[in-house]
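Q: Please take a close look at one part of this structure, the place where ligand 1 sits, together with the metal beside it. What surrounds them?

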Amino acid sequence: MEFFHSSEKSEKIISDSLIFFVAEKEKVSGTLAAIDRKLDGIVREVLKSEEFTGKEKQVAIIHTHQKIGSRHLLVVGIGKGLSRDALRKGSAVAGRRAKTLGAKRVAVVLPVGFLPQSEAAAQAIVEGVQLGTYQFLKYKSVPEKKHPLESVVIGAPAARRRRINEGIRLGQLFVQATTFARDMVNEPASHMPPREIATAAKRIARQNPQIKLKVFDAKAIAKLGMGAVLGVAQGSDEPPYFLHLSYVPRGAKRKIALVGKGITFDSGGLNLKPGKHIENMKFDMAGAADLLGLMSVLPDLKPKVEVHALIPTCENMPSGKALRPGDIVRTMDGKTVEVINTDAEGRLILADAMVYATRLKPDVLIDVATLTGACLVALGEEIAGAMGDSRSVLKAVFQAAEQSGEKFWELPLVDEYKSLIESDIADLKNTSRSPYGGVIEGGLFLREFVGKVPWVHLDIAGPAWAERDTNPYLPKGATGFSVRTLLHYLLAQ
Ligand code: BES
Ligand code: ZN
Ligand code: ZN
């Protein structure tokens with residue numbers, strides 16, 4: 001989808017749908033009032049008769065009968081504030097509606113209130129329209145109509161051109177990274193085994209000479225001493241991989257290590273997940289997919305920091321060879337872990353990857369993982385958990401999330417709960433029998449493997465997958481949640 005800036009008067013812009021955003025209780029004014037005059041007052045009339053108040057997700061459609069350059073107007077409510085996320089959501093609503101109207105070319109009038117932040121606003125529009133109209137159609141044999149939307153014009157004064165174009169450029173890259181992750185996560189586990197995760201990483205490295213890749217196969221993983229990855233992988237016929245991608249720009253002063261959970265299917269292992277709990281578990285590699293999407297755009301985004309993405313990937317399956325409850329695995333730093341529950345596999349493979357990450361001596365370590373069902377219980381489906389021992393990294397992540405619109409909430413990593421993961425016979429156990437505080441328990445376990453590196457853990461178990469169509473730019477299925485926050489984070493370094 002292409003995006004352009006135009007400084008033409010909105011009535012002159014040629015499009016199928018001309019989109020106006022209206023905040024709650026905002027009066028028809030400015031450009032929309034001018035168009036209303038051209039259309040003999042029909043805009044005010046329709047908004048009144050449809051009781052349009054500017055509430056989020058509200059849309060009014062007005063046919064223009066060729067009195068202006070666009071076939072119809074879409075007036076879209078963006079709720080109370082002038083927040084970027086309201087604009088992102090409004091753009092998604094508008095994009096979806098334009099699509100059902102069969103529009104090929106749409107134009108968006110940037111509300112005057114957003115002019116002081118034109119760049120961020122343009123980025124939000126690009127993200128909203130494209131993330132909102134995303135579809136995963138690969139397996140539809142009767143081709144569902146691909147949406148016809150081809151181009152989007154962003155209407156704003158000429159003086160804003162440079163900023164709008166920069167916002168468009170950033171938005172396109174953020175969307176590309178997010179879509180990359182969504183496509184990988186939406187693939188069935190049969191088509192996205194660890195081998196395919198490695199293939200995706202190789203493709204990224206091939207297409208971007210600035211991304212370096214090291215691929216460790218089972219033998220090399222054994223050589224590294226990653227006993228936890230091998231343990232989790234041993235029940236599956238699919239061999240594990242450990243991937244190390246790096247982006248090292250010249251003159252970088254800081255080094256950021258990112259670790260992503262890449263369980264391509266989490267059956268639970270011998271602690272087999274019951275009934276409904278197993279249904280979505282192809283999504284358990286979302287952390288890994290997010291990092292691959294993110295890495296794929298770094299050569300174009302050019303953050304000033306060194307970035308390392310570390311991805312342990314394997315499949316958690318029950319079989320005669322599978323890890324048993326009570327077994328003990330040894331992590332890369334030599335710690336022994338008693339496996340109480342084979343379904344708490346994410347923290348096992350992350351432990352090895354985090355030890356590897358600390359050996360790179362990064363300034364910051366952030367891990368992203370669909371780690372615990374407990375996080376869904378605590379924070380619901382739309383909010384990710386954040387934990388860590390570094391106030392400054394947490395703060396930077398929250399600031400980045402402010403820009404992306406993704407929601408994170410901090411949970412406390414209190415020492416009082418450490419006994420939950422103390423084992424009688426090994427250095428640690430991978431879970432307690434307590435039904436409470438599972439998110440923190442997961443965080444505390446990971447903390448054992450970060451050494452002194454400032455670290456933040458992001459538990460994206462809830463928002464990595466949208467069960468419902470509640471947020472208009474997160475259609476049902478894989479969301480790519482965390483990609484845009486992490487990109488903002490890297491750009492702010
Ligand atoms: N991949 C799951 C986490 C998960 C569960 C995400 C449900 C989304 C929905 C993880 O590997 C897991 O199974 N965690 C267990 C941990 C428990 C055994 C301590 C859980 O949350 O039930
Ligand atoms: Zn599990
Ligand atoms: Zn899992």
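A: A polar contact is a pair of N or O atoms within 3.5 Å; within protein, one must be able to donate a hydrogen and the other to accept it, and residues adjacent in sequence count only if both atoms are side-chain atoms. The model is predicted, so local features need pLDDT of at least 70 and side-chain atom pairs count only at pLDDT 80 or more, while totals for chains, interfaces and linings use all residues. Residues are numbered from 1 along each chain as its sequence is written, chains are lettered from A and ligands numbered from 1 in the order in which they are written, and side-chain values use heavy atoms, with hydrogens and water left out.

Ligand 1 is surrounded by 17 residues (a heavy atom within 4 Å), and D266, K273, D343, E345 and G373 are the closest. An oxygen atom of ligand 1 lies 2.9 Å from a side-chain N or O atom of D266. For the side chain of K261, the distance from an oxygen atom of ligand 1 to an N or O atom is 3.2 Å. G373 takes part through a polar backbone atom, 2.6 Å from an oxygen atom of ligand 1.

D266 and K261 also serve the zinc ion (ligand 3): its protein donors (N, O and S atoms within 2.8 Å of the metal, or 3.2 Å for Na, K and Ca) are K261 (NZ), D266 (OD), D284 (OD) and E345 (OE), 2.0 to 2.4 Å away. Along the sequence these donor residues follow the spacing K-x4-D-x17-D-x60-E. D266 also bridges the zinc ion (ligand 3) and the zinc ion (ligand 2), which are 3.2 Å apart.
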